[in-house]
Every structure is written in structure tokens, then in C-alpha cells.
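Here are a few exercises to work through with the model open beside you. Try each task before reading its solution.

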Amino acid sequence: MIVCKTKKELAQALSSLPKGSIGFVPTMGALHQGHASLFKRARAENDIFAASVFVNPIQFNNPDDLKNYPRNFEADRKLLEQNGCDLVFAPSEEEMYPQGEAVKSYSFGALETVMEGAQRPGHFKGVGVVVGLLFELIKPDNAYFGEKDFQQVAVIQDLVRQMGIHTRIVPCPIQRAEDGLALSSRNALLTPRHRALAPEIYATLKKSTQMANQTCRELKDFVCAQIAAVPEMELEYFEIARPDSLQSVPDTEPAAGNVGFIVVWMGKVRLIDNIRY
């Protein structure tokens with residue numbers, strides 16, 4: 001596996017590899033088996049499997065979140081090698097964003113003003129900037145993203161449209177621990193007590209699917225009550241939205257055919273999940 005730290009090294013490495021389709025998985029490191037599921041698909045479906053490891057500072061609107069984000073490149077490197085990665089790009093912040101050099105930014109309209117966009121102003125602009133740069137550098141044929149970040153997938157699909165490139169975005173199913181908790185780099189920050197309680201998030205979502213034909217208001221009330229019953233959990237939001245536009249479904253309509261999005265705080269750790277109705 002070739003490790004590139006600079007854009008120049010990346011360009012040289014890409015030109016040295018055999019010609020063929022490139023499958024790409026952009027990551028912020030702290031890799032786990034959820035990432036590994038993306039790596040396996042990229043490896044199986046392409047001639048070349050490339051990845052990036054870069055904690056992108058401009059998509060964090062909370063300085064503490066950026067500071068506390070887990071980093072372990074040697075462990076990341078090992079997991080990438082185990083999954084047949086040909087090339088990993090692991091730049092510094094200065095390499096990605098040289099001082100005085102302008103970066104191209106994008107606007108995602110209504111996609112970035114709801115849910116995660118509303119709670120984390122500027123987050124998706126930061127995601128768009130870094131993924132746009134990575135796509136320009138690597139020029140992947142296929143790029144793989146996990147559906148745990150469902151809203152991000154929609155934003156990236158719009159980014160590709162705006163860039164006018166032919167990269168195919170491949171959404172991949174949420175990977176879960178045996179107890180149902182969605183795999184996330186942030187899970188490593190949970191205390192043992194919080195980790196033991198965290199599966200209640202998915203258990204609640206799963207129970208709520210039995211109410212899919214009831215109104216969104218009834219379903220929201222159920223989910224809010226279930227989460228409120230766990231003192232260690234603080235609900236940031238639970239929203240039912242259209243899968244294509246991500247706009248809220250009116251409370252009087254049934255939830256069926258839409259997606260439920262949830263964010264729960266456990267201590268200082270912010271956990272997200274979603275489910276289809």
C-alpha cells in the first residue's frame with residue numbers, strides 16, 4: 001500500500017498504478033468495521049482501491065469536537081492494508097489548505113439547511129470543500145459513503161452534479177454492532193455505562209417502524225418519550241423527512257415511505273442514526 005502525504009506524491013502514485021477503475025473511500029480516520037464494509041466494496045468493485053485519512057477542520061463547528069476527535073493513523077493504516085487498499089492519501093491541514101490559496105466552495109440549498117445543516121452551521125460547506133478537492137485530486141470512478149450519514153450522501157450526490165463529473169456515488173448500508181448500535185468513530189469516546197445504554201437508540205427506532213402507518217406526530221411522540229425515559233440520554237432532534245429532498249414530512253401525514261433521523265447526546269458524545277419507514 002502506498003502512503004501519500006502530499007498532493008505531489010499522490011499524483012505520482014496515481015500515475016504509477018495500472019490503468020483501471022478507481023474506487024475511493026474518503027475518511028476522517030478512527031477507522032472501524034463500518035469503514036471496512038466500504039473498503040470491501042471498493043476493493044471488490046474496482047481495479048484500484050484508494051482511500052483518504054484526513055480530519056477536516058472546516059466541517060467542525062464545535063472546537064471541542066475537533067479537538068476530541070479520535071486519531072490513530074497506525075491503526076487506520078493496518079485496517080486499510082488488511083482490506084487491500086492500494087493507496088492512501090493522508091495529508092496535513094497545511095497540505096490540503098495552503099495559506100493564501102482560495103478553495104472552491106459549494107452551496108447545497110435546502111439540503112444543507114435542515115437537520116444536521118441546521119444544527120451544525122457550515123458543516124456541509126466544509127464537507128463539500130474537502131470532498132470536492134479529493135475528487136479533483138483522485139478522480140475516482142466510484143466513491144463509497146455510509147448511509148449512517150444519510151444527509152451527507154445526498155449532499156455529495158449534489159456536489160457531483162455541481163462539479164459536472166462522472167464519479168458514481170455508492171451509498172452503503174449502516175453497519176451495526178451486535179447490540180444494534182450504529183458503528184461510529186465516536187463510539188470509542190463513550191463511557192462503559194453510556195456504551196451499555198446506547199443501543200436503546202436503535203431499539204427505539206426499530207420499535208417505531210411498527211408505527212409507520214400512524215401519523216408522524218404520533219411516531220415522534222413515541223420516540224421522544226422512549227429516549228426521555230433514559231436519564232443519560234438527551235435528544236437533540238428526531239425528524240421524519242422525505243428521502244429525496246430531506247424536507248420534513250407534515251405531522252399529520254403517515255411516516256411510511258420516509259426516513260426517521262435521530263441525534264442523541266450521551267455525555268459529551270453526539271450519536272446519529274436513521275431508519276427507513
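## Exercise 1: a salt bridge within one loop

E253 has a relative accessible area of 29%, which makes it partly exposed. This is a predicted model, so keep that in mind as you go.

Task: find which residue E253 forms a salt bridge with, and work out where the two partners lie.

Solution. Start with the partner: E253 pairs with R242, and their closest N and O atoms are 3.1 Å apart. Next, place them: R242 is in the loop between β7 and β8, and E253 is in the loop between β7 and β8 too, with eleven residues separating them. Finally, check R242 itself: its relative accessibility is 27%, so R242 counts as partly exposed.

## Exercise 2: two more bridges

Task: for the salt bridges R43 with D86 and R270 with E116, decide whether each residue is buried or partly exposed.

Solution. Recall the idea first: side chains of opposite charge can pair when their charged atoms come close. The count for this structure comes to 18 salt bridges.

Take R43 and D86, where N and O are 2.8 Å apart. R43 belongs to helix α2 (residues 33-45) and D86 to the loop between α4 (73-82) and β4 (87-89), so the bridge ties together parts 43 residues apart in sequence. The cut-off for buried is under 20% relative accessible area. R43 comes out at 25%, so R43 is partly exposed, and D86 at 23% is partly exposed as well.

Now R270 and E116, with closest N and O atoms 2.7 Å apart. This pair links distant parts of the chain: R270 sits in strand β9 and E116 in helix α6 (residues 116-119), 154 residues apart. R270 has a relative accessible area of 13%, so R270 is buried. E116 is at 7% and counts as buried.

For an extra look, find R217, K220, D221, E239 and D251, which are linked in a network of salt bridges.

## Exercise 3: helix α8 and an aromatic pair

Task: work out how the rings of F150 and F261 are arranged, and what parts the pair ties together.

Solution. A pair of aromatic rings is described by the distance of the centres and the angle of the planes. The structure holds six aromatic pairs. For F150 and F261 the centres are 5.4 Å apart and the planes are at 75°, making the pair edge-to-face. F150 lies in helix α8 and F261 in strand β8, so the pair ties together parts that are 111 residues apart in sequence. Accessibility comes next: F150 is buried at 9%, and F261 is buried at 6%.

Stay in helix α8 (residues 150-163) and look at Q152. At 18% relative accessibility, Q152 counts as buried. Setting aside neighbours within four places in sequence, Q152 contacts F124, V127 and F145.

## Exercise 4: the buried side of α10

Task: list the buried residues of helix α10 (residues 200-208) and see which way they face.

Solution. The buried residues are I201, Y202, T204, L205 and S208. They cover an arc of only 160° around the axis, which means they are on the same side of α10. Their cover includes α11 (216-228), β7 (233-241), β8 (259-266) and β9 (269-276). One last stop is Y202: R176 lies over the face of its ring, at 3.6 Å from the ring centre. For a second case of a charge over a ring, try K5, whose charged end sits over F73, 4.5 Å from the ring centre.

Technical notes
Residues numbered from 1 in each chain as written. Predicted model: local features only at pLDDT ≥ 70, side-chain atom pairs only at ≥ 80, totals over all residues. Heavy atoms only, no water. Helix = DSSP H or I, 4+ residues; strand = E, 2+ residues; numbered from the N terminus. Buried < 20%, exposed > 50% of the residue type's maximum accessible area, 1.4 Å probe, protein only. Contact = heavy atoms within 4.5 Å. Arc of directions from axis to C-beta. Phe/Tyr/Trp six-rings, centres within 6.5 Å; stacked < 30°, edge-to-face > 60°. Lys NZ or Arg CZ within 6 Å of the ring centre and 35° of its normal. Salt bridge = Lys/Arg side-chain N within 4 Å of Asp/Glu carboxyl O.
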